[in-house]
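Please read this briefing alongside the sequence and the model. It takes up the overall architecture, then the charged pairs, then the nonpolar surface.

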Amino acid sequence: MEAIRWDVLFSEISVVPRSNDVVRVYKDALKNINVSGRFDIKRNDGLTATIAFNGKLEGHSIFQMIIWDYLKCLTL
């Protein structure tokens, strides 16, 4: 993936930017995943997802979309 252009990615999507002091923890069966900041988007039925770009791994960009099940999410 080439450089992400946030203005293009979010051009027709309502986005809520989160500062790094907003920390949420996603709990799955194996571990807890801390998510700081990033960009939230919300579907019409209220389901929220967080979009994250986390640098590079082995020369490839990492793009994540975390779908929040609020039964598994804690806001710190």
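What follows describes a predicted model, beginning with the whole chain and then turning to individual side chains.

The protein is built from one helix and five strands, and the order of these elements from the N terminus is α-β-β-β-β-β. Two features receive most of the attention below: a network of salt bridges that joins Arg18, Arg24 and Asp40, and a nonpolar surface patch made of Leu9, Leu47, Phe63, Met65 and Ile67.

**Overall architecture and surface**

- The protein has 76 residues, and 25% of them count as buried.
- The accessible surface of the protein amounts to about 5800 Å², and carbon and sulfur atoms account for 54% of that area.
- When contacts between residues at least 6 apart in sequence are considered, 37% of them join residues that are at least 24 apart.

**Salt bridges**

- Side chains of opposite charge can pair when their charged atoms come close.
- In this model the count comes to three salt bridges.
- One of them brings together the side chains of Arg18 and Asp40, with a distance of 2.9 Å from N to O; this pair links distant parts of the chain, since Arg18 belongs to strand 1 and Asp40 to strand 2 (residues 32-42), and the two are 22 residues apart.
- Another salt bridge is formed between the side chains of Asp40 and Arg24, at 2.8 Å from N to O; here too distant parts of the chain are linked, with Asp40 in strand 2 and Arg24 in strand 1, 16 residues apart.
- A further salt bridge pairs Asp45 with Arg43, whose closest N and O atoms are 2.8 Å apart, and both Asp45 and Arg43 are exposed.

**The network around Asp40**

- Arg18, Arg24 and Asp40 belong to one network, because the salt bridges that connect them share partners.
- Asp40 counts as buried because its relative accessibility is 4%, and the cut-off for that class is under 20%.
- Arg24 lies in strand 1 (residues 15-27), and Arg24 likewise counts as buried because its relative accessibility is 5%.
- The side chain of Arg24 also makes a polar contact with the side chain of Asp40, at 2.8 Å.
- Arg18, by contrast, is partly exposed, because its relative accessible area of 35% falls between the limits of 20% and 50%.

**Nonpolar surface patch**

- Leu9, Leu47, Phe63, Met65 and Ile67 form a nonpolar patch on the surface, and together they have about 400 Å² of accessible area.
- Strand 4 (residues 60-67) supplies the largest share of this patch, namely three residues.
- Met65, which is one of the patch residues, lies in strand 4.
- With a relative accessibility of 46%, Met65 counts as partly exposed, because exposed residues must have over 50%.
- Met65 can nevertheless belong to the patch, because membership requires over 30% relative accessible area, and Met65 has 46%.

Note on methods: Residues are numbered from 1 along each chain as its sequence is written. This is a predicted model: local features need pLDDT of at least 70, side-chain atom pairs count only at pLDDT 80 or more; totals for chains, interfaces and linings use all residues. Side-chain values use heavy atoms; hydrogens and water are left out. Patches are made of residues with over 30% relative accessible area and no salt bridge: like charges are joined within 9 Å, nonpolar side chains (Val, Leu, Ile, Met, Phe, Trp, Tyr) within 5 Å. Accessible areas come from the Shrake-Rupley method with a 1.4 Å probe; for residues, only the protein chains shown count as cover. A salt bridge is a side-chain nitrogen of Lys or Arg within 4 Å of a carboxyl oxygen of Asp or Glu. Helices (H or I, at least four residues) and strands (E, at least two) are DSSP runs, numbered from the N terminus. Buried means under 20% relative accessible area, exposed over 50%, partly exposed in between (1.4 Å probe, protein chains only). A polar contact is a pair of N or O atoms within 3.5 Å; within protein, one must be able to donate a hydrogen and the other to accept it, and residues adjacent in sequence count only if both atoms are side-chain atoms. Contact means heavy atoms within 4.5 Å.
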